[in-house]
Amino acid sequence: MNKLSDLPNIDPDRLDVPTAAKLEPVGDLDHPPRILMLYGSLRERSFSRFLTWEAARILEQMGAEVRIFDPTELPMVGSVPETHPKVVELRDLSLWSEGQVWCSPERHGAVTAVMKNQIDWIPLDQGGIRPSQGRTLAVMQVCGGSQSFNVVNTLRLLGRWMRMFTIPNQSSVPMAYKEFDDAGRMRPSAYYDRVVDVMEELVKFTLLTRGRTDYLTDRYSERSERARKAIDRQIGKL
């Protein structure tokens, strides 16, 4: 191993120099973008669910394949085995997805327990596969009163923790009870237009990153750690 003269702490065998060629997409990409949508309320008249459905219609119009997870009957994290049908369903959907949309009401200045519970059930690592890493993410919230960004900010933090690519745009709908009709459809407004903006951006970033996520999420520190573990295994066999 030849040390880099100005960077003695870096192993040159593990250092990657990014190039445009390495960002070429690989794999079967002929299918529509696969988007999983999560919402954070169990109420019969749930505005986060209404907003999720509205966004789903927009995504489908843009050619995406959309699946919406129903959090009803999803147990609290840790209360049942991971083989519970609702847990398996959620994890399988996360693995299936290439992008996700998270939409939560604001409760006491934060995301709801329903929303956080879904995210907590998605593991960082599942049998050597990371169900969330490399997926794109759009975040939205509904507010009972004036506009707030507490929830979308928290969802961004969670998305970063789950190693997702959270898009720059976001949606926050204030006084949501005014923005939806009796059938649960969103009325025309600047807030509706913003939802269209967010879904457009999500599809663009999902198309841009899919087929490249393995390379985009490959890290020097993790390559170095794998190399050290491989050496330790070899030593252990001596």
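Is arginine 223 buried or exposed? At 16% relative accessibility, arginine 223 counts as buried. Keep in mind that everything in these close-ups comes from a predicted model.

**View 1. Arginine 223 and the residues around it.** Arginine 223 is part of helix α7. Its side chain forms a salt bridge with aspartate 218, and the closest N and O atoms there are 2.7 Å apart. The two partners sit differently with respect to the surface: arginine 223 is buried because its relative accessible area, 16%, falls under the 20% cut-off, while aspartate 218 is partly exposed at 32%. The arginine 223 side chain also reaches the backbone oxygen of arginine 14, at 2.8 Å. Leaving aside residues up to four places away in sequence, arginine 223 touches Arg14, Leu15, Asp16 and Asp218.

**View 2. Arginine 14 paired with aspartate 11.** Here is another salt bridge, this time between arginine 14 and aspartate 11, with 3.5 Å between the closest N and O atoms. Aspartate 11 is the buried partner, with a relative accessible area of 17%. Arginine 14 comes out as partly exposed, at 30%. The backbone oxygen of arginine 14 is also the one that the arginine 223 side chain reaches in the previous view.

**View 3. A salt bridge along helix α7.** Glutamate 225 and lysine 229 form a salt bridge, their closest N and O atoms being 3.3 Å apart. Why are these two separated by about one helical turn? They are four residues apart in helix α7, which covers residues 220-237, so about one turn lies between them. Both ends of the pair are partly exposed: glutamate 225 has a relative accessible area of 38%, and lysine 229 has 44%. Elsewhere, salt bridges with shared partners tie Glu54, Arg57 and Arg185 into one network. Across the whole structure, the salt bridges number 13. As a general point, side chains of opposite charge can pair when their charged atoms come close.

**View 4. A nonpolar patch on the surface.** Which residues form the nonpolar patch? They are Ile231, Ile235 and Leu238, and together they have about 380 Å² of accessible area. Isoleucine 235 belongs to helix α7. With 53% relative accessibility, isoleucine 235 counts as exposed, because the cut-off for exposed is over 50%.

**View 5. Helix α5 and what it packs against.** Helix α5 runs over residues 190-209, so it has 20 residues. At 1.5 Å a residue it should span 28 Å, and its end C-alpha atoms are 29 Å apart, which agrees. The buried residues of α5 are Val195, Val198, Met199, Glu201, Leu202, Val203, Thr206 and Thr209. What do the buried residues of α5 pack against? Their neighbours are the strands β1 (34-39), β3 (99-105), β4 (136-142) and β6 (171-173), along with the helices α1 (47-61) and α6 (213-216).

**View 6. The two ends of helix α5.** At the N-terminal end, serine 189 acts as the cap: one of its side-chain oxygens lies 3.1 Å from the backbone nitrogen of tyrosine 191. Beyond the other end, α5 is followed by glycine 211, whose phi is positive, near 80 degrees.

Technical notes:
Residues are numbered from 1 along each chain as its sequence is written. This is a predicted model: local features need pLDDT of at least 70, side-chain atom pairs count only at pLDDT 80 or more; totals for chains, interfaces and linings use all residues. Side-chain values use heavy atoms; hydrogens and water are left out. A salt bridge is a side-chain nitrogen of Lys or Arg within 4 Å of a carboxyl oxygen of Asp or Glu. Buried means under 20% relative accessible area, exposed over 50%, partly exposed in between (1.4 Å probe, protein chains only). Patches are made of residues with over 30% relative accessible area and no salt bridge: like charges are joined within 9 Å, nonpolar side chains (Val, Leu, Ile, Met, Phe, Trp, Tyr) within 5 Å. Accessible areas come from the Shrake-Rupley method with a 1.4 Å probe; for residues, only the protein chains shown count as cover. A polar contact is a pair of N or O atoms within 3.5 Å; within protein, one must be able to donate a hydrogen and the other to accept it, and residues adjacent in sequence count only if both atoms are side-chain atoms. Contact means heavy atoms within 4.5 Å. The expected span of a helix is 1.5 Å times one less than its number of residues.
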